[in-house]
Amino acid sequence: MICNICGGGSFLPGYGGRLAPNGINPACSGCKSVERHRIVYAMYRALSSFTASLRCLQFAPDGSIDPKQFAQFDTSVYKGKNSMDITRTGLADASYNLIVTNHVLEHVSDRSEEHTSELQSHVR
């Protein structure tokens, strides 16, 4: 098996020693991706002719998305580079075509409709 994200061919057990349902090691030793990352990566690759014109904002780094597939790609890293409060971004409406929040929303303490509509207002 070859990792479709980094091209690596060595795999380790997943989180907590987990194996894939077929009994093989699921975590790429190169980029640390597991099945869900490689599936998302393949999905975006299949949509690359569509995503090439989009402006994307990604909250939290995630190797399953290749920034080169978008016309504009910005990342907000919590307490890091370009850190934004996901509930009050300060962005203008319709700033992006796509906002990616993989592995983020479950950490937001206030998931009220008011705050999810904050993100929706930035998508055109």
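Which residue meets Arg 18 in a salt bridge through its side chain? In this predicted model, the partner is Glu 35, and the side chains of the two residues come to 2.7 Å, taken from N to O. The pair links distant parts of the chain, since Arg 18 belongs to the loop between E1 and E2 whereas Glu 35 belongs to helix H1, the two being 17 residues apart. Neither partner is buried: Arg 18 counts as partly exposed, at 33% relative accessibility, and Glu 35 is likewise partly exposed, with a relative accessible area of 23%.

A search of the whole structure finds two salt bridges, and the other one also involves helix H1, where the side chain of Arg 45 meets that of Asp 66 at 3.8 Å, N to O. Asp 66 lies in the loop between E3 and E4 and Arg 45 in helix H1, so this pair ties together parts of the chain that are 21 residues apart in sequence. The two partners differ in their surroundings, as Asp 66 is buried, with a relative accessible area of 13%, whereas Arg 45 is partly exposed, with a relative accessible area of 42%.

Helix H1 itself comprises twelve residues, 35–46, and at 1.5 Å a residue these should span 16 Å; the C-alpha atoms at its ends are 17 Å apart, which agrees with that expectation. The buried residues of the helix are His 37, Arg 38, Tyr 41 and Tyr 44. Seen down the axis of H1, these buried residues fall within an arc of 125°, so they line one face of the helix. An α-helix has 3.6 residues a turn, and therefore residues three or four places apart point the same way. On the other side of H1, Ile 39 and Ala 46 are exposed. The cover over the buried residues of H1 includes strand E1 (11–12), strand E2 (27–28), helix H2 (48–51) and strand E5 (98–100).

One of the buried residues of H1, Tyr 44, also takes part in the aromatic contacts of the model, in which the count comes to two aromatic pairs. Tyr 44 and Phe 70 form an edge-to-face pair, with a distance of 6.1 Å centre to centre and an angle of 65° between the planes. Tyr 44 lies in helix H1 and Phe 70 in the loop between strand E3 (55–59) and strand E4 (72–76), so the pair ties together parts that are 26 residues apart in sequence. Phe 70 also pairs with Phe 73, in this case in a tilted arrangement, at 5.7 Å centre to centre and with 35° between the planes. Ring pairs thus link Tyr 44, Phe 70 and Phe 73 into a cluster. Both Tyr 44 and Phe 70 are buried, the relative accessible area of Phe 70 being 7%, and Phe 73 is buried as well, with a relative accessible area of 18%.

Two members of this cluster are also contacted from helix H2, in which Thr 51 is found. Thr 51 is buried, with a relative accessible area of 2%, and, when residues up to four places away in sequence are not counted, Thr 51 touches Tyr 44, Gln 69, Phe 70 and Ala 71. With Gln 69 there is in addition a polar approach, in which a polar atom of the Thr 51 side chain lies 3.0 Å from the backbone oxygen of Gln 69.

How values were computed: Residues numbered from 1 in each chain as written. Predicted model: local features only at pLDDT ≥ 70, side-chain atom pairs only at ≥ 80, totals over all residues. Heavy atoms only, no water. Helix = DSSP H or I, 4+ residues; strand = E, 2+ residues; numbered from the N terminus. Expected span 1.5 Å × (residues − 1). Buried < 20%, exposed > 50% of the residue type's maximum accessible area, 1.4 Å probe, protein only. Arc of directions from axis to C-beta. Contact = heavy atoms within 4.5 Å. Polar contact = N/O pair within 3.5 Å; in protein donor to acceptor, adjacent residues only side chain to side chain. Phe/Tyr/Trp six-rings, centres within 6.5 Å; stacked < 30°, edge-to-face > 60°. Salt bridge = Lys/Arg side-chain N within 4 Å of Asp/Glu carboxyl O.
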